[in-house]
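Me: I am new to this structure. Please take me through its nonpolar core, and then through a few residues elsewhere.

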Amino acid sequence: MKDNKSSAETATSSASKNAIDMLHGPIWNRVLMFALPVAATGILEQLFNATGVAIVGNFSGGEDTQAVAAVGANSFIVMLVINFFIGVSLGANVVIANAIGRGSMDAVRKAVHTAIVMAVAGGVAALVIGELGATAILGMLNVPADVYPLALVYLRIYLIGLPVILLYNFEAAIFRSVGDTATPLKVLAMAGVLNVALGLTFTAGLNMSVAGVATATVLSNAFGSLVLLRMLMRTDAPIHVELRELRVDMMAMRSILRIGLPAGIQGAVFAFANVIIQGAINSLGTTVIAASSAAFNIEVFAYQVLNSFAQACSTFTGQNYGARQVGRCRRVLAVCYLEDVVATATAIALVLLFGRSLLMIFVHDPEAVDIGYIRLTMVFIGYIFSMAYEMASGYLRGFGISLVPALLTVLGVCGTRIGWVMLVFPSHRSFESIMLVYPISLAVTAALVLGSLIVYRPSRRAPAR
């Protein structure tokens, strides 16, 4: 084990000037160093996406509300696909982190190259399936007739960019496996500025409406993914990429899918359940769709903070479990949860304080602003439970236990939300009624996942060094 420790230390220290040593020293400051750039990356990404919504809302002529609603009608479809593959990329993150922890550089190399191939291949497959089913998907969501044409245009263009969008997310996961969360943030900042510039050019300058925003998103993601790929090719760290070595290693792929596939299903289930809810929201009219879309673009700022500490918990636990530092794994969970509570509560307070002003950036109708604020309030109540369940899921995933939290999420989130839309909403057709399902479903899921953590007690079962 001494040799493995030496290899792990070398790998971590030489990975990048931005890498974090997760195996030694104080945990609290290292978790912050990891989580805050991840949160900033998610917030910045959402800020650029929100800017796109604001652009179509202000530069689409007389169809501004329809344009915002068109983007909003697609948001949960996009989330379903992206969340699934981000979950799979978390599998790559944990596999690589675990291999670094145990000092197996050959396993790191194989996992890195396999992950990149999986990202591109998965993006192409999702592109083909999505384009073939685009009209049917939007048809099932009850998109209003005045919104449908714009929504279809946006979806078709966005789907074209899936290979490069997924490639960026997998590359970011590779960097994070060694604790380098700063590099993806810097690249996203560059790509985001390009996204806004192109969005304004295409929409305000060329009158392309939602097509302009979607095209800008695809091109900026292509830029970001190519920059990250170039950085991976130039680094001398264990995560170094050689184009000639890009192939699928079956053992690495099985390890990634064993952890990542359940995590992907877990993320996709959330999005699928939200698609069901979006269908109910769409039945309430264009103003409600636009208000909900505007609120969603704001609420996820706080979610990015929440989720960043869960990602830190997975990665830190993965490396320390690989190094058989089980006691340190338990300390990681406690520190991540405590810091998450403080950071997320601060983010929620700020969003609620400025919520109405933020909503008015996207929608100008006072009724839409009121509806959007209702969504913010109800969803943030649910974050209390979301934090508990995501942290427990991330901790279990770091030990390689990914299937159980995924199955419990299917039961808790998807089951509760679909049941609510089918049984409760038809007799209580209001926006408040449909929003109530968020805290209820998240509370059920938190109870189930925390129960599984108590039953499994992975730190007690894992062999210590």
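Reply: Here is the core, followed by three other places.

This is a predicted model, where local features need pLDDT of at least 70, side-chain atom pairs count only at pLDDT 80 or more, and totals for chains, interfaces and linings use all residues. Residues are numbered from 1 along each chain as its sequence is written, and side-chain values use heavy atoms, without hydrogens or water.

Start with the core. A nonpolar core is a set of buried Ala, Val, Leu, Ile, Met, Phe, Trp, Tyr and Cys residues joined through side-chain atoms within 4.5 Å. Buried means under 20% relative accessible area, exposed over 50%, and partly exposed in between, with a 1.4 Å probe and protein chains only. The largest such core has 147 residues, and Ile239 and Ile434 have the most contacts inside it. Helix α3 (residues 64–101) gives the most to this core, with 18 residues. Helices here are DSSP runs of H or I, at least four residues, numbered from the N terminus.

Now look at Ile239. Contact means heavy atoms within 4.5 Å. Beyond four places in sequence, the contacts of Ile239 include Ile96, Val108, Phe175 and Leu232.

Next comes Arg375, in helix α13 (residues 366–398). Arg375 counts as buried, because its relative accessibility is 1%. Among its contacts, neighbours within four places aside, are Phe76, Glu299, Phe431 and Tyr438.

Move on to Gln304, in helix α10 (residues 286–322). Gln304 and Gly42 are 262 residues apart in sequence, and 5.4 Å apart in space, C-alpha to C-alpha. Gln304 also touches Ala39 and Ile43.

Last is Val120, in helix α4 (residues 105–140). Val120 is partly exposed, because its relative accessible area is 36%.

Notes. Helices (H or I, at least four residues) and strands (E, at least two) are DSSP runs, numbered from the N terminus.
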